[in-house]
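Please look over the sequence and the three-dimensional picture below before reading on. The paragraphs that follow move from the whole chain to its sheet, and then to the ligand and a few single residues.

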Amino acid sequence: MRATTPSRVHELSPEEQSVYRQLDPVRIPAHVAIIMDGNGRWAGKRMLKRFLGHQQGAESVQFVVETASRIDLPWLTLYAFSLENNLRRPKSEVSFLMKLLRNYLTGNVQRMNDNNVRMTYIGRTHELPTEVQETMQWAAEETAKNTGTTLTLALNYGSRSEIVDSTRALLTSLIAEAHQRGCSLEDLLQVDGIESRVDEHHLTGGLYTAHMPDPDLVIRTSGEQRISNFLLWQIAYSEIFITDRLWPDFRGLHLLEAIANYQHRERRFGGLGESFTDEDLDNLEPADEVAHEIETELTRPSSARSKPVQPASA
Ligand code: FPP
């Protein structure tokens, strides 16, 4: 657990510092994932072409990454280009986004190194144009030794296809193992038990994000209340923060505000949460008494069961 204030907080702007001071440095999330949305609307509002919205969006990316690195955020994942963007947007927009990505990488690797940011990617990146893949690989290699924030760009990414890819990888490895042991897949699963070979642990291990913690906080800009096929498996218990701000207007300050909001939430992970105290627990009716009460209630004829209170007007 990171208990101390990171050494680069003095590099935050005065506005950012005033929000940062309200944060509990011990409870900075380990992983923030952002659905960057609203580039087109940002441009439309200014009577500009959509591509200028994307260009401005790329500027926001760098501002947010640098603030993340100053507060020592370990993992930042940005939804930069979805599988659906690739399939459903006009070819001209897709090729502009590809060019923008290459320019962004070549133009910012030095800044990534100055900020100790390591770059990685998730998605079916092997389907992207070769020259884009080459630039991506170069940027990843150039920043591989950095030990601060890991910036992951989701590119040609779709969560359903990620789950499909993980399932395929698991099946392929099971088939190979059966082959090696000289038995059928059916026999292998029968001997070992399908429950132990196909479970959450194995499926998680095959996701592109296997090496990362699940996001604690997902931010979506532009007010849309959707997840858009982003990290569906990984965000099962993430907190979600939606802002009306369009991505090109989003800055590090807004990242810190989202984290402040996150820190006011109580995370329960399906349990009762920290505000449920030991004293509350002591005051609970013993489980066997509750079980008995439920059983008698269920076995009593329906006419004798306690009736729900009817509203006065009913
Ligand atoms: C949504 O805007 C955003 C995207 C299509 C992807 C995000 C892309 C960027 C931020 C720019 C480039 C990124 C990098 C890393 C260089 P939209 O076009 O869907 O907006 P709209 O819903 O208002 O039309």
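Helices and strands are here DSSP runs, helices being of type H or I with at least four residues and strands of type E with at least two, and they are numbered from the N terminus. With that in mind, one can say that the largest share of the shell around the ligand, 4 residues, comes from α3, a point to which the text returns below. The model is a predicted one, and this should be kept in mind throughout.

Consider the chain as a whole. Its secondary structure comes to 13 helices and 6 strands, and of its 314 residues, 32% are buried. Among the contacts in the chain with a separation of 6 or more, 78% are between residues 24 or more positions apart.

The strands are a good place to begin. Strands of a sheet pair through backbone hydrogen bonds, either parallel or antiparallel. In this model 6 strands form an open sheet in the order β3-β4-β2-β1-β5-β6, and the pairing is parallel. The edge strands are β3, residues 118–122, and β6, residues 239–242, each of which pairs on one side only. On average, and with direction ignored, neighbouring strands of this sheet are turned by 20° against each other.

How do the strands inside this order connect to one another? Strand β2 is joined to β4 by 7 bridges, the two running parallel, and in this pairing F81 stands opposite L155 in β4. Strand β1, residues 31–35, is joined to β2 by 5 bridges, again in parallel; here H31 stands opposite W75 in β2, while A33 stands opposite T77 in β2. Since a residue counts as buried when 20 or more other C-beta atoms lie within 10 Å of its own, it is worth asking of β2 how many of its residues are buried. The count is 8 of 8, and β2 is therefore largely enclosed by the rest of the structure.

Strand β1 is also joined to β5, by 4 bridges with the strands running parallel, and I34 stands opposite I219 in β5. A further 4 bridges join β5 to β6, which run parallel as well, with I240 in β6 as the bridge partner of V218. In a regular strand the side chains alternate between the two faces of the sheet. Strand β5, residues 217–220, shows this arrangement: L217 and I219 point one way, V218 and R220 point the other way, and all are buried.

From the sheet we turn to the ligand. Of the 19 residues around the ligand, N39, G40, R41, G57 and Y104 come nearest. Helix α2 (39–45), helix α3 (50–70), strand β2 (75–82) and helix α5 (91–114) each supply at least two residues of the shell, and the largest share, 4 residues, comes from α3. By type, the residues of the shell divide into 10 nonpolar, 7 polar and 2 charged.

Helix α3 also allows a simple check of length. Its 21 residues, at 1.5 Å a residue, should span 30 Å, and because its end C-alpha atoms are 31 Å apart, the expected span and the model agree. Just after α3, D72 takes a positive phi of about 65°.

Two single residues complete the tour. The first to be considered is L105, which has its place in helix α5. Is L105 buried or exposed? L105 is buried, because 21 other C-beta atoms lie within 10 Å. Leaving aside its neighbours within four places in sequence, L105 is in contact with T135, M136 and A139. The C-alpha atoms of L105 and A140, which are 35 residues apart along the chain, are separated by 9.4 Å.

The other residue is N146, which lies in the loop between α6 (130–143) and β4 (150–157). N146 has 18 C-beta neighbours inside 10 Å, so it counts as partly exposed. When its neighbours within four places in sequence are left aside, N146 is in contact with N113, N116, V117 and R118. The C-alpha atoms of N146 and M119 are 27 residues apart along the chain and are separated by 8.8 Å.

Technical notes:
Residues are numbered from 1 along each chain as its sequence is written. This is a predicted model: local features need pLDDT of at least 70, side-chain atom pairs count only at pLDDT 80 or more; totals for chains, interfaces and linings use all residues. A residue is near a molecule or strand if its C-beta atom, placed from the backbone, lies within 6 Å of it. Ala, Val, Leu, Ile, Met, Phe, Trp, Tyr, Cys and Pro count as nonpolar, Asp, Glu, Lys and Arg as charged, and the others, Gly among them, as polar. A residue is buried if 20 or more other C-beta atoms lie within 10 Å of its own, exposed if 12 or fewer, and partly exposed in between; C-beta atoms are placed from the backbone. Two residues are in contact if their C-beta atoms, placed from the backbone, lie within 7 Å. Two strands pair if DSSP finds at least two bridges between them. Axes are lines fitted to C-alpha atoms, for helices over the stretch in contact, and angles run from 0 to 180 degrees between N-to-C directions. The expected span of a helix is 1.5 Å times one less than its number of residues.
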